[in-house]
Amino acid sequence: MNNRFNKIINLCMIVILLLLAIPSRASAVERRPLPKLVNEASINEVIKGMTLDEKVRLVIGIGYPGPNGVAGATYAIPHLGIPSVILSDGPAGIRIGGNFTPDIPIKTSTAFPIPSLLSATWDVNQVKEVAKSFGKEAREYGVDVLLAPGVNIQRDPLGGRNFEYYSEDPFLAGTIATAFIKGVQSMGVGTSLKHFAVNNQETNRTTINVVISERALREIYLPAFEMAVKQAKPWTVMSSYNAVNGSFSTQNKYLLTDILRKEWGFDGVVMSDWWAVKNSFAALAFGNDLIMPGVYKGKLPMPDLIKDVYNNASAPTPDLIKAAIQNGTLSENTIDSCARNILKMIIKTPTFKGEYRNIDYSHKKALTQQTEEEGARINRKVASEGMVLLKNADNTLPFKGLNTIGVAGQNSVVDVTNGKLGIIIGGGGSSQVNVNPKNVVSLIRGLKNANYNVLNSRGKNKMIEGLSTSDAAYLAKRTDIGLVSIGRISTEGIDRLDMNMKSEEVQLIKDLSAAYHAKKKKLVVVLNIGAPIEVASWRDYADAILLAWQPGQEAGNAIADILSGKVNPSGKLPETFPVKYSDVPSYGNFPGDTNTNTVDYAEGIYVGYRYYDTKHIKPAYAFGHGLSYTNFTYDNLKLSSTKMRLNKSKSLTLSVDISNEGKVAGKEIVQLYIHHNNSKFERPYKELKGFEKISLQPGQTKTVTFPISKRSLSIYNEALKTWVSEPGLFKVLVGSSSQDIRQKSELRIVDNK
Ligand code: GLC
């Protein structure tokens, strides 16, 4: 018995010793090093190592305002090597602190021109150069992702954020956006392509439902996003406030998953616009990875612009999302997928790479002087390239042998440095830049910097209303030429009520015109605006009209560069200036029915010049219009072939010779439009399918070539749910504007049968 008992005891001892020798799971787990985010290959391990609490925190921003007044930031999980990354506006410069966060000291940046001016350059190289400056300033301030560019189509000239967008035409908008994204991301800083999608008005922007045909969606409102996603690969896309055909963009599976990710292959992060998410679970489940910005932590009372969006949002909390996962409303795989997209973005950022290790994030940090000076230089250069000379009767411009200029108009008379409304350098809202006032060059200062004597009405800082006819005579007598500046502000959050001039503005132009013409002198009007304005009622009184847009801080210098002839204007309109608002295709359907909160895009694919040309409605100034101080001829249009086979994807090449016939160097924007003679589908009369800006010395000729692809000749077939090209005869139209076609040819798509 004893022996047997001893054996059992020995056996137990052996088992115990064996058990003690096997490391416990807990200690094994404790001993296994925690996963760390080091690269893309580590992401799955990191996600496995995250607790559910950490996952649900990662998909929501850390709150607004973000650190030091930036727009927002992501959640850090330090023990897994996941830093918080900084997201900052905007499309006209780096915005840190300021307008929505009055209690946070601002950081000044270069106030670049509004995006509409960038697209008015039609120059991808210029846009890339400016975008690199954005990236440089973002790096100096430790910004990881710039919340730009905005590429929504300028559907209606009253759209409040038109200034912040590029064009009424998706090809131009997409091409400019692609250049901008490449420029910023070449500096190692990410971008956010926004606002996806069909966000074309400010009225009720957080609740409005856009009713739109599939074809209009595909041919007008999505192509700029598609081009930018495929050709520039933005790190992030920002989903918009509005709903599209009954489903809010932030939780619109068709837009965010079926189209953006599956069709276009987008593999970055979709973040929501600020407080745009209505249903967190739906948003996360349908493709919106990151819910921005998180809780409001700003000073109360909330600024109006924030209150408007905040009140229509659902306040997503980690606990809510965690509970949804635990009760099966939301699968953990979904959160893992969102986390994966966010981590893939984070590992690209300068913060993650340690490049911002020595950044001073305090409000004391300002841009280096060199960066400030470079920003100003690039601003001045691109601003003069995007300004559009709309009229120049009898070569009024450039100034020849003039030295004293009479200036009138509210935006020219006062200087922004004295705190009053002076030159308008940009738009309001999230794109507004905290510019150093000493860096702002008003129109008067710009003219003086160019060594002109400037006289305004009786030398007083008279506002526009105060200028009387006798003032006009006073100015006309004492100056060589008159100049009136007409300004309009633009801002996020509010659509414009009209595009009219004030009667006193028109009267001022008439009075000055009469006074200067009586002295055999001339009058120039400078438009300091962010979107089209009515011109038909007064343009005959002006000898020249320069569209200066809202050109950034170097405004006055850039305007003076054009007026003096130092720079030969080369900008062209990216949006039509209609004669009157009732001509506009969305007239009556903008901003929609505020009772039903629905806006009907009844005009469908007929937006901008697509409408005016098809309906034979003459615009005041056409899409693509812009004059130069020289003139160009177009000759020798050639096609590599006049036939395309229906089911062959081969593209053709079009070439055309452009010559500078004038006495000064200049730049011409050559535009290629296509027209289908006998389509069995509805089609706009013409559509932009190519453009190139070239520099020509006097007497120089260059050959410009354009590829013509099958897709560029196709339409979106709603029944087949895909792009289709149809056989038939196409015209290729090459011109200096959509209304100034200089060379034509034809090509045929032949059915192989
Ligand atoms: C805004 C804008 C968006 C901006 C964001 C952060 O409401 O719609 O363009 O990037 O909030 O400021």
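Start with the shell around the ligand: by class, five residues are nonpolar, two polar and seven charged (Ala, Val, Leu, Ile, Met, Phe, Trp, Tyr, Cys and Pro count as nonpolar, Asp, Glu, Lys and Arg as charged, and the others, Gly among them, as polar). Keep in mind that this is a predicted model, where local features need pLDDT of at least 70, side-chain atom pairs count only at pLDDT 80 or more, and totals for chains, interfaces and linings use all residues. Residues are numbered from 1 along each chain as its sequence is written, and side-chain values use heavy atoms, with hydrogens and water left out.

Now select what surrounds the ligand (a heavy atom within 4 Å of it). You should get 14 residues, the closest being Asp89, Arg161, His195, Tyr241 and Asp273.

Next, show the polar contacts (N or O atom pairs within 3.5 Å). Aspartate 273 puts a polar side-chain atom 2.6 Å from a ligand oxygen, histidine 195 does so at 2.7 Å, and arginine 95 at 3.5 Å. Of the 310 Å² of accessible area that the ligand has on its own, the protein covers 96% (Shrake-Rupley method, 1.4 Å probe).

Zoom out and colour by domain: the assignment, automatic or from a database, gives domain 1 (2-31), domain 2 (49-346), domain 3 (372-575) and domain 4 (630-750). Pick the last two: the C-alpha centres of domain 3 and domain 4 lie 35 Å apart. Their contact (heavy atoms within 4.5 Å) takes five residues from domain 3 and 10 from domain 4.

Key. Polar contact = N/O pair within 3.5 Å; in protein donor to acceptor, adjacent residues only side chain to side chain.
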